[in-house]
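Hi,

Here is the structure I said I would pass on. Have a look at it first, and then read on for what turned up.

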2 protein chains.
Amino acid sequence: MLWGLRPVEPRAAYGLAVDLLRRQIHAGLLLPAEKLPAERQLSDRFGISRVTLREALRVLETDEYITVRRGAQGGAFVTDEDRLCELARRRMLRAPAKTMRVVEFLTVNQMAAARLACTRRGPAEMKRMREAVAMMHAARTAPHRKQAEALFLLALGDATQNPLLARAIEDGLAELFLPYDTPSTSKTGTVALGEFERLLAALNSEDVDEAEAAMADLHRLLWDAVRRMGKAAA
Amino acid sequence: MLWGLRPVEPRAAYGLAVDLLRRQIHAGLLLPAEKLPAERQLSDRFGISRVTLREALRVLETDEYITVRRGAQGGAFVTDEDRLCELARRRMLRAPAKTMRVVEFLTVNQMAAARLACTRRGPAEMKRMREAVAMMHAARTAPHRKQAEALFLLALGDATQNPLLARAIEDGLAELFLPYDTPSTSKTGTVALGEFERLLAALNSEDVDEAEAAMADLHRLLWDAVRRMGKAAA
DNA sequence: CTTCATGGATCAAAATCTATACCATTGGAT
DNA sequence: ATCCAATGGTATAGATTTTGATCCATGAAG
């Protein structure tokens with residue numbers, strides 16, 4: 001008998017480039033209004049021709065993820081913060097339950113990652129996490145905070161030395177496209193920073209239970225934020 | 001600043017078909033010596049041309065995942081059981097640690113799935129899981145047992161109503177390519193069947209803790225099997 | 001020994017991607 | 001005011017992949 005031989009969905013190269021860039025924006029790694037590299041450099045990075053890259057940029061421009069300007073100081077720029085928030089809200093309103101599922105998935109895998117990373121983290125990942133926490137301290141805007149948090153969590157995934165787990169976290173973060181304003185607002189943001197520091201310390205001293213507890217608290221904050229956002233939308 | 005803009009890796013349609021079929025074999029959904037549908041039907045299922053499908057079959061044939069015979073009653077057949085075991089062993093020897101990581105990933109996500117499915121499972125998924133347990137009872141060979149277990153776990157993933165979690169389980173099972181002989185040998189297989197029934201009952205009565213406990217025991221068995229296999233290889 | 005479902009082979013057309021070259025725009029330097 | 005340099009915009013020819021259609025080859029069943 002045959003079980004679920006679904007149709008194959010070949011993705012064109014330009015579509016993959018769209019996905020990659022969109023994921024970076026969703027995860028917060030690309031900041032609002034940030035300038036992307038020139039087309040010739042980007043196409044090199046992606047290993048695709050400039051013509052193909054431009055197709056990808058056209059799609060992202062149409063979806064209002066980026067704007068493109070010509071001339072000397074021109075280039076492709078991520079949309080401004082307000083626009084991104086609007087996109088995030090719209091996306092969340094289209095499928096409100098989906099956001100919860102993404103958070104749920106992240107909770108499961110990041111809790112496990114916190115435990116596993118304690119005993120497996122290498123010096124490189126520890127450095128990335130320390131730097132991420134430093135970035136959180138320096139960050140004075142919501143997008144910068146979100147970026148630093150994403151960098152920390154990606155490093156945490158790598159620290160587990162488990163590619164599947166790292167990928168799960170990456171996918172989750174890319175899927176979780178939250179508006180900047182609500183999630184880590186002022187006070188919540190400060191509390192979160194404390195928890196990240198606590199987690200970092202636990203990882204440093206290989207305190208598994210403490211790491212898990214810190215991650216649990218972080219996710220309590222995340223759940224609160226998402227719930228508040230859901231109510232605000234309703 | 002730019003974070004991890006990796007090269008894009010466009011996959012040809014034939015490569016995706018290869019992956020899909022190989023995953024089905026790894027997960028145990030396709031049985032040893034099982035006959036695949038005729039090329040004209042398979043290409044329809046995949047939504048690709050017959051020429052492209054044949055490229056995929058050629059790759060799988062080269063890797064000895066399938067054998068192709070001509071004439072009436074001919075067709076593409078999954079390799080026989082011994083050959084598959086050999087392939088699985090070879091794969092595990094190439095990267096022994098990797099198997100552990102896959103099991104680790106499955107443990108994390110299936111434990112969560114067992115809990116979540118308790119309160120979310122729909123009648124369709126319950127039916128699939130009941131049927132899977134029935135298949136385990138009827139199964140008189142290791143491949144059939146493995147197939148039924150995979151069907152159960154995939155249904156469990158769907159029962160969480162969380163696409164990311166379901167996909168994680170699917171990916172994990174596809175990645176976990178264990179030889180048939182060692183894992184669920186006679187006694188262990190019987191014990192596992194008992195645990196699956198326990199899990200099914202827990203899901204039926206929405207007993208979250210019991211479901212989690214049953215899944216935990218299942219994974220203890222899995223870990224034991226994998227450890228034994230690792231020692232046997234060494 | 002015929003039948004016929006099946007794999008094997010070929011070819012032209014369409015879609016996609018690449019490499020290269022050149023044009024157009026714009027802000028800053030001279 | 002002019003030029004320069006960096007950037008996006010456009011055009012074209014060729015390579016690769018996929019498709020759809022057609023016909024050939026094989027071999028087990030009747």
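To start with a term: a residue counts as near a molecule or strand if one of its heavy atoms lies within 4 Å of it. Before the details, bear in mind that this is a predicted model, where local features need pLDDT of at least 70 and side-chain atom pairs count only at pLDDT 80 or more, while totals for chains, interfaces and linings use all residues. Residues are numbered from 1 along each chain as its sequence is written, chains are lettered from A and ligands numbered from 1 in the order in which they are written, and side-chain values use heavy atoms, with hydrogens and water left out.

DNA strand C first. It has 30 residues around it, and Ala12(A), Ala13(A), Thr52(A), Arg50(B) and Arg54(B) come nearest. Of the strand's atoms that come within 4 Å of the protein, 64% are sugar and phosphate. Some polar contacts (pairs of N or O atoms within 3.5 Å; within protein, one must be able to donate a hydrogen and the other to accept it, and residues adjacent in sequence count only if both atoms are side-chain atoms) are worth finding on screen. Ala13(A) has a backbone N or O atom 2.5 Å from a phosphate oxygen of strand C, and a polar backbone atom of Ser49(A) is 2.9 Å from a phosphate oxygen of that strand. Arg40(B) goes to a base instead: an N or O atom in its side chain is 3.2 Å from a base nitrogen of strand C. Sorted by class, the surface near strand C has 11 nonpolar, 8 polar and 11 charged residues. Here Ala, Val, Leu, Ile, Met, Phe, Trp, Tyr, Cys and Pro count as nonpolar, Asp, Glu, Lys and Arg as charged, and the others, Gly among them, as polar.

Now DNA strand D. It is surrounded by 27 residues, with Arg50(A), Arg54(A), Ala13(B), Thr52(B) and Gly71(B) the closest. Sugar or phosphate makes up 63% of the strand D atoms within 4 Å of the protein, and bases the rest. A phosphate oxygen of strand D sits 2.4 Å from a polar backbone atom of Ala13(B), and a backbone N or O atom of Glu39(A) is 3.0 Å from a phosphate oxygen. In Arg40(A), a polar side-chain atom lies 3.2 Å from a base nitrogen of strand D. Which element gives the most to the surface near strand D? That is α3(A), with 4 residues. (Helices, H or I with at least four residues, and strands, E with at least two, are DSSP runs numbered from the N terminus.)

On to the two protein chains. Contact (heavy atoms within 4.5 Å) takes in 45 residues from chain A and 45 residues from chain B. Between them the chains bury about 4000 Å², 61% of it on carbon and sulfur atoms; buried area is the accessible area (1.4 Å probe) that two parts lose on being put together, summed over both. On the chain A side, Trp3(A), Leu5(A) and Val8(A) lose the most area to chain B, together 18% of what that side buries.

One residue to click on is Leu222(B), in helix α10 of chain B. Leaving out residues up to four places away in sequence, Leu222(B) touches Val103(B) and Leu178(B). Its C-alpha atom is 18 Å from that of Leu200(B), 22 residues apart along the chain.

Happy browsing!
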